[in-house]
Amino acid sequence: MAKTNFGQAAKSYARSRNDIPVSFFESLNLRGISFEGKKIADIGSGTGALTRKLKLRKADVIGVDPSVEMLDEAVRINLARFEAIPYWHGTAEDTGLEPNHFDMVTVSRAWHWFNREAALKEMKRILKPMGKLIITDSGFLPGSMAVEAAFELLESHLGQNLKPAGSKAESRQRINGFPVEWFAEWQENRFELRDFYKLDYEVMFSTEEWVDRIMSLSYLAGAPAEKREDISSVLLKKLHTQFGANASHTIPHACHVCILETF
């Protein structure tokens, strides 16, 4: 399937997509998964939100992403925070990383953009025997007034009903937020499902931050700069009118987690 280029959205992504809840790491600790001293490849690392949190937990981690703009933002943030994290330009299907080298591979908010069959072969190649593949997908939930206001405007400006991102749009059924087809693919490629679950959390945004979050969505990633600027301006005005200039928005989110292990 065609890849969405997130390069134009890199700065919005860096500013607004850092909402990995502490409960995610706590849930893994409860399941006996620790990152300290582990060699981890964070695939589809984007601007490094998860990569940095793994580093803070003393992982030996490398971030891999196909977008030069995303990697540039990750490096910029690292330099500002004095975090020595290597980033590598590569894809999930061809990482360029060493074989049989990693204890874990993490994928956050990205599996639906991969050629999954090729990606699974690559994950198998770079993981050590009995290595873990942790796939997560998280995002805001429908229903709140700020979400509905934003999507109403996006649909009117983009002239279409907004479908789930990437290959999630191809599936008619999900289990724990993941397309049901993925579970069979994992098993067929000798990845055993060890656990899967959902975590609920909330994120608070100012109106400006919420506009930034919306502008990071894949629906807008390939839009011309002029159109992105127009939508951003109109959305900001709409939200100010509807909620007031100094409003804050508490947006419900969900994080879906699958823990797999090679066999």
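This predicted model holds 12 aromatic pairs. Two of them are set out below.

| Pair | Geometry | Centre to centre | Angle between planes |
|---|---|---|---|
| Phe25 and Phe35 | edge-to-face | 6.0 Å | 80° |
| Phe178 and Trp186 | edge-to-face | 6.1 Å | 70° |

Phe25 belongs to helix 2 (residues 22-30), while Phe35 sits in the loop between helix 2 and strand 1 (39-43), so their pairing ties together parts 10 residues apart in sequence. Phe25 and Phe35 are buried. Phe178 and Trp186 are buried too.

Ring pairs also build a cluster. Its members are Phe140, Phe151, Phe205, Trp210 and Tyr219.

Charged side chains meet rings as well. Arg31 places its charged end over the ring of Tyr197, 3.7 Å from the ring centre. Lys124 lies over the face of Phe191, 5.2 Å from the centre of that ring.

Next comes the sheet. It is open and has 7 strands, in the order 3-2-1-4-5-9-8, with mixed pairing. Strand 3 (87-89) and strand 8 (191-206) are its edges, and each of them pairs on one side only. On average, neighbouring strands are turned by 20° against each other, direction ignored.

How do strand 8 and strand 9 run, and how many bridges join them? They run antiparallel, and 15 bridges join strand 8 to strand 9 (residues 248-262). One bridge pairs Asp200 with Ala254 of strand 9.

A helix lies across this sheet's strands. Helix 5 (residues 116-126) crosses strand 1, strand 4 (102-108), strand 5 (127-140), strand 8 and strand 9. Helix 5 runs at about 135° to strand 5.

Note on methods: Residues numbered from 1 in each chain as written. Heavy atoms only, no water. Phe/Tyr/Trp six-rings, centres within 6.5 Å; stacked < 30°, edge-to-face > 60°. Helix = DSSP H or I, 4+ residues; strand = E, 2+ residues; numbered from the N terminus. Buried < 20%, exposed > 50% of the residue type's maximum accessible area, 1.4 Å probe, protein only. Lys NZ or Arg CZ within 6 Å of the ring centre and 35° of its normal. Pairing = 2+ DSSP bridges. Axes fitted to C-alpha atoms, helices over the stretch in contact; angles between N-to-C directions. Contact = heavy atoms within 4.5 Å.
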